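Got your viewer open? Load the model, colour it however you like, and click along with the stops below.

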Amino acid sequence: DKCENEFGLLLKTDDYGVETTWELRERSATAYGRSSRSKPSDGKVVASGGPYTSDFTYDISYCLYPGKYTFVFYDWQCDGLVGKELT
């Protein structure tokens, strides 16, 4: 079957792949609306990944239901990532 709503992630890890994790969260109708208390981490996690092996490329895809999602990327040491793109 063909996926109508595919989430794709091509992830190239650096020397510290173990520090890399991510979540794809469903956004509710009220998130980011009138409530100033909403955060990207408020929605239900529908996909996630990591930690990863260092210096490796991962090609990840999920078929999603139509809707709005928030992609949250984590670097455990908060020391930055190597690379130039997040598209």
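Before you select anything, one term: a residue is called buried when its relative accessible area is under 20%. By that yardstick, 29% of the 87 residues of the chain are buried. Keep in mind that you're looking at a predicted model.

**Stop 1: the whole chain**

Switch to cartoon view. You should find five strands and zero helices, so to speak a β-β-β-β-β pattern when you read along the sequence. Now show the contacts with a separation of 6 or more: 76% of them are between residues 24 or more positions apart. If you turn on the surface, its accessible area is about 6800 Å², with 49% of that belonging to carbon and sulfur atoms.

**Stop 2: the core**

Select F7, L9, L11, W22, L24, A47, Y52, Y58, I60, L64 and Y69, and show their side chains. These eleven residues make up the largest nonpolar core. Strand 1, strand 2 and strand 4 (57-63) each put in at least two of the residues, and strand 1 gives the largest share, with three.

Which residues does L9 touch, leaving aside those up to four places away in sequence? Click on L9 and look around: its contacts are W22, Y58, D59, I60 and F71.

**Stop 3: strand 2 and its partners**

Next, select strand 2, residues 20-26. How many of the seven residues of strand 2 are buried? Six are, so to call this strand mostly covered is fair.

Now bring in the neighbours. Strand 5 (residues 69-75) pairs with strand 2 in the antiparallel sense, over seven bridges. To see one of these bridges, pick E23 and look for its partner V72 in strand 5. Then add strand 3 (residues 45-49), which also runs antiparallel to strand 2 and is joined to it by four bridges. Here you can pick L24, whose bridge partner in strand 3 is A47.

**Stop 4: a salt bridge**

Stay on strand 2 and show the side chains of R25 and E23. They meet in a salt bridge, at 2.8 Å from N to O. A search of the whole structure turns up one salt bridge. Are R25 and E23 buried or exposed? Both are buried.

**Stop 5: V45**

Slide over to V45 in strand 3. V45 counts as partly exposed because its relative accessibility is 34%, and partly exposed is the range between the buried and exposed cut-offs. Setting aside residues up to four places away in sequence, V45 touches E23, L24 and R25, two of which you met at the salt bridge, R25 and E23. Try a distance from V45 to E26 as well: the C-alpha atoms are 6.4 Å apart, with the two positions 19 residues apart in sequence numbering.

**Stop 6: the loop between strand 3 and strand 4**

Some background first: most peptide bonds are trans, and most residues other than glycine have a negative phi. Now zoom in on P51, in the loop between strand 3 and strand 4. The peptide bond from G50 to P51 is cis, with omega near -5 degrees.

D55 sits in the loop between strand 3 and strand 4 too. What is the phi of D55? It is positive, about 50 degrees, although D55 is not a glycine. D55 counts as exposed because its relative accessibility is 53%, and the cut-off for exposed is over 50%.

**Stop 7: a nonpolar patch on the surface**

Turn the surface back on and select V18, Y74 and W76. They make a nonpolar surface patch of about 300 Å². V18 is in the loop between strand 1 (6-12) and strand 2. With a relative accessible area of 47%, V18 is partly exposed.

**Stop 8: past strand 5**

Finish at Q77, in the segment after strand 5. Its relative accessible area is 52%, which means that Q77 is exposed. Last click: run a C-alpha to C-alpha distance from Q77 to Y16. The two are 61 residues apart in sequence and 9.5 Å apart in space.

How values were computed:
Residues numbered from 1 in each chain as written. Predicted model: local features only at pLDDT ≥ 70, side-chain atom pairs only at ≥ 80, totals over all residues. Heavy atoms only, no water. Patch = residues over 30% accessible without salt bridge, like charges linked within 9 Å, V, L, I, M, F, W, Y side chains within 5 Å. Areas by Shrake-Rupley, 256 points an atom, 1.4 Å probe, with all protein chains shown as cover. Salt bridge = Lys/Arg side-chain N within 4 Å of Asp/Glu carboxyl O. Buried < 20%, exposed > 50% of the residue type's maximum accessible area, 1.4 Å probe, protein only. Contact = heavy atoms within 4.5 Å. Core = buried A, V, L, I, M, F, W, Y, C linked by side-chain atoms within 4.5 Å. Pairing = 2+ DSSP bridges.
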